[in-house]
Amino acid sequence: FFSQNMAIMMFTTMSASSPCSRGRTWGASRRPCFIMASPRPRPNPPSTRCAASPSGERNTAASDESHETKRRDGEYYPSKVLWPGIEKTDAYLRKMDFRAKKSLGQNFMIQENVLSKTVAYAGVQKGDRVLEIGSGTGNLTRYMLAKGAEVVCVEKDDRLHEAFVKEFEEEVKSKRLKVVHADVMRWLTERDRRERELVASGGSVDQMLRFDKVVANLPFNITTDLLKFLLPRCESVFRPPTGSPESRPSGDVFLLLQDEAAQRLCECRAGDSNYRAMNVLVDCFCSSREYLFKIDRKAFFPAPNVDGALAHFKIRPREEALSVGQVGDTVVTSKQFHTFVNQCFSRRRKMVKNNIPSNMFGADEVARVMEELDLGAETRPQDLSCEQYLSMLHKLQSLKNSREAESA
């Protein structure tokens, strides 16, 4: 009564003294013994064409040899990606005895249409200097190099870095590609420290490497930390357009994020239940942000448990971002704003006035400023916009500076 492609359930009724096929003796209740037969072997699926093999050949030694010959001859068909398609990616990782590390959030992009759309949306072109975070198997790198861009890759994994350098040996020698073996957050922090030392010593920061774009298949577990770091550092990370040093940097960041995170960061507004501290920071430091397109989880290898998405953040200079609501000569730093917003969201369901500690600003000062801004006493953190947070902080800081000056 089951179809042939399903496991066959054999129902037998055993007597009290007769053992079943597993050697077990059933009691007088004559309980049934269910034996699961092995399913019928399925035939091999029909041969399908993959991105790296126009002839439709499977992943055999012969096709691998042909693949390597084509790559050496400069005829890597059709799009010159390192490990195109699930078959090639899986074969190369197995050859390296490599397993993706969940701790590093390793999910490699393997679908060519997603790679080409990512580069197209990012507008990567000849002369661009692009920072790629987590180069992985080099699929996205190939596409950007093919557009004539100069790429700086940061890869933390030891074995992937070693294989990446060997594969892109010619590009590294021609200085079209620079490969950094480091944790990206530590690398950016160290880079920031060197820049501060140069400024303190009176040196020129022009020697620091700056970029036109950040394009990355970002490990999902460092999304928030990386964005928090990049947002207030537009001038130090990005360079002005070539030939116009007085112009503002582009600040273009294109990230492959978890779909839910991309929607929350790009589409949530003040008053929404999902509006969080990170949304306030993005609203403050980004002149625009956009959810570009969704990416099915099957486009990654190994496939994560969630879908991805490409999002665009256009970061603006720090002074421009923090000048909203400025009171007199009061200066608010990005660190102060970040701390203030996080403190207001420390208990999202509580009133804002109860989330600001007295060692930061006095309760009477908070009540006075909220009244000046026509904010109700029961206002919650998610009800305030980025502009209201900035105005509130500027006024509170001005009152605090006046109080400290009088006491001095």
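This is a short tour of the structure, one selection at a time. Keep in mind that you are looking at a predicted model.

**The whole chain**

Start with everything shown as cartoon. You should have 16 helices and eleven strands on screen. Of the 408 residues in the protein, 45% are buried. Switch on a surface and you are looking at about 22200 Å² of exposed area, with carbon and sulfur atoms supplying 49% of it. How much of the contact list links residues far along the chain? Among contacts with a separation of 6 or more, 67% join residues 24 or more positions apart.

**Stop 1: Thr118 and helix α3**

Select Thr118, which sits in helix α3, residues 112-122. Is Thr118 buried or exposed? Its relative accessibility is 1%, so Thr118 counts as buried, the cut-off being under 20%. Now show what surrounds Thr118. Apart from neighbours within four places in sequence, its contacts are Leu140, Val215, Leu256, Phe293 and Leu310.

Leu140 leads you to the next selection: helix α4, residues 139-146, whose axis comes within 10 Å of the α3 axis and crosses there at roughly 45°. That angle makes α3 oblique to α4. The crossing of α3 past α4 is right-handed. To see the contact itself, show side chains for Glu112, Leu115, Ser116, Thr118 and Val119 on α3, then Asn139, Leu140, Tyr143 and Met144 on α4. Colour them by class and you get five nonpolar, three polar and one charged residues.

**Stop 2: helices α7 and α8**

Next, select α7 (residues 184-200) together with α8; the range for α8 is 223-230. Two packed helices are described by the angle between their axes and the distance between the axes. Here the axes come within 11 Å and cross at roughly 15°. The two helices, α7 and α8, are therefore roughly parallel to each other. Which hand does this crossing have? α7 passes α8 in a left-handed crossing.

For the side chains, pick Met185, Leu188, Thr189 and Asp192 in α7, which meet Asp225, Leu226, Phe229 and Leu230 in α8. By class, this contact has five nonpolar, one polar and two charged residues.

**Stop 3: helix α10 and its cover**

Leave α8 displayed, as α8 is part of the cover over the buried residues of α10. Select Asp259, Ala261, Ala262, Arg264, Leu265 and Cys266: these residues of α10 are buried. Along with α8, the cover includes β8 (252-258), α11, β9 (286-295) and β11 (308-315). Bring those up one at a time to see how each one sits over α10.

**Stop 4: Gly271, in the loop after α10**

Follow the chain out of α10 (259-267) and stop at Gly271, in the loop between α10 and α11 (277-285). Gly271 is partly exposed, with a relative accessible area of 46%. Which residues does Gly271 touch, leaving aside neighbours within four places in sequence? Gln382 and Asp383. Try a distance label too: the C-alpha of Gly271 is 9.1 Å from that of Arg380, although their positions lie 109 residues apart along the chain.

**Stop 5: helices α15 and α16**

Select helix α15 (residues 363-372) and helix α16 (residues 386-407). Their axes come within 10 Å and cross at roughly 135°. This makes α15 oblique to α16. The crossing of the pair is right-handed.

Show the side chains where they meet:

- On α15: Glu365, Val366, Arg368, Val369, Met370 and Glu372.
- On α16: Met392, Lys395, Leu396, Leu399, Lys400 and Arg403.

Sorted by class, the contact has six nonpolar, no polar and six charged residues.

**Stop 6: two residues with positive phi**

Stay in this area and pick Asp374, in the loop between α15 and α16. What is its phi? About 60°, a positive value although Asp374 is not a glycine. Most residues other than glycine have a negative phi. Asp374 is exposed, with a relative accessible area of 70%.

For another example, jump to Lys175, in the loop between α6 (169-173) and β6 (177-181). Phi of Lys175 is near 65°, again positive in a residue other than glycine. Lys175 is exposed, and its relative accessible area is 70%.

Methods:
Residues numbered from 1 in each chain as written. Predicted model: local features only at pLDDT ≥ 70, side-chain atom pairs only at ≥ 80, totals over all residues. Heavy atoms only, no water. Helix = DSSP H or I, 4+ residues; strand = E, 2+ residues; numbered from the N terminus. Buried < 20%, exposed > 50% of the residue type's maximum accessible area, 1.4 Å probe, protein only. Contact = heavy atoms within 4.5 Å. Axes fitted to C-alpha atoms, helices over the stretch in contact; angles between N-to-C directions. Parallel < 35°, antiparallel > 145°, perpendicular 65-115°, else oblique. Left-handed = near helix turned anticlockwise from the far one by under 90°. Nonpolar A, V, L, I, M, F, W, Y, C, P; charged D, E, K, R; others polar. Areas by Shrake-Rupley, 256 points an atom, 1.4 Å probe, with all protein chains shown as cover.
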